[in-house]
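Biologist: Please take me closely through one part of this model, the way its strands and helices pack. Keep it brisk, and then work outward from there.

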Amino acid sequence: MTPTPTHPITVLGGQNVVGGSKIVYQFAPQFSFLFDFGFDFDRANTILDRYLSPRIFNKFVDKLRTGFLPIPTTQTGGVYRSDLVIDSLETIATFTNPAPFIQPPYVKAAFLSHAHTDHVGEVRYLHESIPLVCSTTTAKLLEIFETIQRGELFTGILNYTDIEGKSHSRKVKHLISGRPWNWGKNMTITAYETDHSLPGATAFLVNDKKNNCKLIYTGDLRWHGLNQKRVTTFVEAAKQFSPDYLIIEQTNLGEHKGKPTTLSEEQVGNQLKHVVKECQGIVWMEWAHGDMSRLQMIALAAEHTNRNVVLPAMDYLFLRECIAAKIPEVKGLSLNRFRVFLPRKKSGTYIPKDYSYDHALYTLCLTKDEEKLKLRAKYQHIDLNQTFLITASELQKSPQSFLAYHDIFKMYHWVDCVPTSDDVYIISKSRIDEPEAMLLWDKRKAWLDLFGFTKDRVHQIHASGHLYPKDYERMVNEINPKHIIKVHGETN
Ligand SMILES: [Zn+2]
């Protein structure tokens, strides 16, 4: 899509697919800004494989050549990090139009709707001068992810080291929900925190007075979550705003395999309570990492039945950091209700040395003795006598005391803690919400069969993180924009 004077919006990624959102708005000939700059999981599923991924030494160019990163045009010229561009000049010279790579950055900001990878995953490649604009919660989550994650997905977004070894920190502007921000003389942006399967999701209302153009970007959102009031407040403001353009997510509008869910988050909570209460054994359950609304519902069901929630170490660490950062969506959650599963690793005998490379467990079990830290080898810092840790045999001894996180990657743990006919399995996520999990759907079923989970002991209880079709209709009708641009989903 080429921008024209009457259509200043270009969708660079995320049209007709779920994820990889990248949208650019042209304000003036040498001034544009971005909404999101996400990783395209759909493309990854299509062309990549376990042993087929961009090469570490050439990732930037490999991603440009294979369509993960858009080739800059004049409008998005200078959008990429100068160190990467300079390092790749020889290859860039072979592109049809290399000039926009080396022009001064015309992109003046990147507005981030939320911290899901399909919205922020490629921000690490953006030019160092481009500030990030987001909600305070999103900024805090990005910080937490960067601190606790060792993986590549969240590194280099806020801070990165360039190819010469110099450290850089990106400028971050926090927007307070509902408070207008004047960006220069001619533009006012108002952010509204909404509701999604990750805290901090935000919609942006942009009033471009120079071009007499008003637009809204919804990001990912839903109207059936625990924060419905926020969404209603956003819709009310959007209605008053009378936008020319509404860029709206349409995740649940397309054709998808599987039965679509229509539950609200509250109904999920009620169904969970019922299933957990009826269960005479261990409740095994999987849900999307980072979904704090779901975790609230799970914690309530666990409290109701006097169970503890057993999390993977990384999820516990993330929750701990969210509580410390006072993320509003974890309000009321206490670590006392949660335990950490200690899997058998390497030697299989629960010795500290086995966990040296488990970053989350290592961080959680680190002894505080600074002197010892200096003197000892890494594994000797790990204290496995923490009361929050729980092993497979402890789970088995008191099955009715636990609701344990379990997903496809943890299936071998069932060899150590064999499920009984009293156990149930709850699937609390969908193919739509986690496109990367689609390929594993059938494998999970095979494992459930293998360990004797009959149909009546497998429950699917889920509310989508995205607008249901009826709420999409309602939202569009209420906002009543002149033009609609659908993103983040298959076009009907
Ligand atoms: Zn999302």
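Modeller: I start with a sheet, then turn to the domain contact, the helix pairs and a second set of strands.

This is a predicted model: local features need pLDDT of at least 70, side-chain atom pairs count only at pLDDT 80 or more, and totals for chains, interfaces and linings use all residues. Numbering runs from 1 along each chain as its sequence is written.

The open sheet has 6 strands in the order 1-2-3-4-5-8, with mixed pairing. Strands here are DSSP runs of E, at least two residues, and helices are runs of H or I, at least four, all numbered from the N terminus. Two strands pair if DSSP finds at least two bridges between them. Strand 1 (9-13) and strand 8 (172-175) stand at the edges; each has a single partner strand, so one side of each lacks a neighbour in the sheet. On average, neighbouring strands of this sheet are turned by 25 degrees against each other, direction ignored.

Look inside the sheet. Strand 4 (residues 107-111) pairs with strand 5 (residues 132-135) in the parallel sense, over 2 bridges. Phenylalanine 111 has valine 133 of strand 5 as its bridge partner. Helix 7 (residues 136-148) packs on the sheet and touches strand 5 and strand 8. Its direction makes about 110 degrees with that of strand 5. (Axes are lines fitted to C-alpha atoms, for helices over the stretch in contact; angles run from 0 to 180 degrees between N-to-C directions.)

Helix 7 also matters for the domain contact. An automatic or database assignment sets the domain bounds. Domain 1 covers 9-256 + 468-487, and domain 2 covers 265-342 + 384-460. Their C-alpha centres lie 32 Å apart. The contact takes 18 residues from domain 1 and 20 residues from domain 2; contact means C-beta atoms, placed from the backbone, within 7 Å. On the domain 1 side, helix 1 (41-47) and helix 7 are the elements that give two or more residues. Helix 7 gives the largest share, 4 residues. By class, that side has 7 nonpolar, 9 polar and 2 charged residues. Ala, Val, Leu, Ile, Met, Phe, Trp, Tyr, Cys and Pro count as nonpolar, Asp, Glu, Lys and Arg as charged, and the others, Gly among them, as polar.

Now the helix pairs. The axes of helix 8 (residues 228-241) and helix 17 (residues 469-479) come within 8 Å and cross at roughly 35 degrees. Here Val235, Ala238 and Lys239 of helix 8 meet Met475, Glu478 and Ile479 of helix 17. This contact divides into 4 nonpolar, no polar and 2 charged residues.

For helix 9 (residues 265-278) and helix 10 (residues 292-304), the axes come within 9 Å and cross at roughly 35 degrees. Helix 9 contributes residues including Val268, Leu272 and Val276, and helix 10 residues including Met297, Ile298 and Ala301. The contact of helix 9 with helix 10 holds 8 nonpolar, 3 polar and 3 charged residues.

Last, strand 18 (residues 402-405). Strand 14 (residues 283-287) pairs with strand 18 in the parallel sense over 3 bridges. Tryptophan 284 stands opposite alanine 404. Strand 15 (residues 308-311) also runs parallel to strand 18, joined by 3 bridges. There, valine 309 has leucine 403 as its bridge partner.

Key
Contact = placed C-beta atoms within 7 Å.
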